[in-house]
Structures are given as structure tokens and as C-alpha cells.
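Visitor: Please take me through one part of this protein at close range. I would like a single residue first, then its setting.

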Amino acid sequence: LRAPNVAKIGYNAKFEERWTMRLFGHGVTNWLWDGMLAAHLIDNRSDICSTKFQSLVLLGQEDYDSHIKPFLKPEETGGNNQNRIKDIPLDKLLLYCGMDALLEYKVAMKQMERLPCV
């Protein structure tokens, strides 16, 4: 995350930066692209800038996270209740994370074609 010669692509880089700082004590060096910001630049309507929506519109990727969704919310509602991500079978979690990372990259490539500012 600190390698200056490796460009980083993220989705909602502000969030990623904060979590990296919180967990590792340093930020991310050499952000290249924020897919969420690019999605807002291309079309600023509400509820269409998520990775899932952009993956569907730009890449034709249908649902790949419905088996994960129930675990991303706490069993009980409340201010500080934790999600149940630790309960997801590891193979399913890794597949979801890999798909998410790959789709973020592919969405970014499509966005860069449309917004040639890099």
C-alpha cells in the first residue's frame, strides 16, 4: 500500500484511505483512480454509482453477492452491532472479494476510456 511505483485503484478511496490509516497507521501511496468519484463524474444521479451497479451497466456482470448480503448486516439492529462476515465460509468470502476487486479494476478501465484524464 505504500509502494510509490505501484498505482492503486479503489472504489470510495476516502473510505479506503481512512481504514488503511486506522488499521495500518499509514495511508495509501499513489492513488490512481477512484471508481466512485468517476461514476459520479460520468452520471451524478443517485443510487447508480455503486460497484455492483456499475459492474452491471458497464460489464454486464449480474449479481455475485446475494449469498454474502445476509452476513453484511448485524442480526440485531442498533448503533454498534457488528456484521456477521466472520460467519461466511472462507471460500465464498474469498470468491466474493476476488470478484469485487476484479470488477473494480475492470470498471475503472472502462471509466478511464470515457474520462481520459490519466
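Guide: What follows is a close look at Q54, then the whole chain, then a second residue in another helix. Keep in mind that the model is predicted.

Start with Q54. Q54 sits in helix α3, which covers residues 51–59. Is Q54 buried or exposed? Q54 is buried, because its relative accessible area is 9%, and the cut-off for buried is under 20%. The side chain of Q54 does not lack a polar partner: it reaches the backbone oxygen of I48 at 2.5 Å. I48 also appears in the contact list of Q54. Set aside neighbours within four places in sequence, and Q54 touches Y11, A39, I48, C49, L59, V107 and Q111. Y11 and A39 are among these partners, and so are V107 and Q111.

Now step back to the whole chain. The protein has four helices and two strands. From the N terminus on, their order is β-α-β-α-α-α. The C-alpha trace spans about 45 × 35 × 30 Å along its principal axes. There are 118 residues, and 27% of them count as buried. Q54 is buried too. Take the contacts between residues at least 6 apart in sequence: 60% of them join residues at least 24 apart.

The surface comes next. The protein exposes about 8,500 Å². Carbon and sulfur atoms supply 56% of that area. As for charge, there are 15 positive and 15 negative side chains. The centres of the two sets lie 4 Å apart.

For a second residue, go to helix α1. Helix α1 runs over residues 13–24 and has twelve residues. From first C-alpha to last, α1 reaches 16 Å, close to the 16 Å expected at 1.5 Å a residue. G25 follows α1, and the phi of G25 is positive, near 80°.

E17 is found in α1. How is E17 placed for solvent: buried, exposed or partly exposed? E17 is partly exposed, because its relative accessible area is 24%, and the class in between runs from the 20% limit to the 50% limit. Leave out neighbours within four places in sequence, and E17 is in contact with G27, V28 and W31. N30 offers a distance to check: the C-alpha atoms of E17 and N30 are separated by 11 Å, and the two residues are 13 apart along the chain.

Put the two residues side by side. Q54 in α3 is buried at 9%, whereas E17 in α1 is partly exposed at 24%.

Note on methods
Residues are numbered from 1 along each chain as its sequence is written. This is a predicted model: local features need pLDDT of at least 70, side-chain atom pairs count only at pLDDT 80 or more; totals for chains, interfaces and linings use all residues. Side-chain values use heavy atoms; hydrogens and water are left out. Buried means under 20% relative accessible area, exposed over 50%, partly exposed in between (1.4 Å probe, protein chains only). A polar contact is a pair of N or O atoms within 3.5 Å; within protein, one must be able to donate a hydrogen and the other to accept it, and residues adjacent in sequence count only if both atoms are side-chain atoms. Contact means heavy atoms within 4.5 Å. Accessible areas come from the Shrake-Rupley method with a 1.4 Å probe; for residues, only the protein chains shown count as cover. Lys and Arg count as positive and Asp and Glu as negative; His and the chain ends are not counted. The place of a charge is taken as NZ of Lys, CZ of Arg, CG of Asp or CD of Glu. The expected span of a helix is 1.5 Å times one less than its number of residues.
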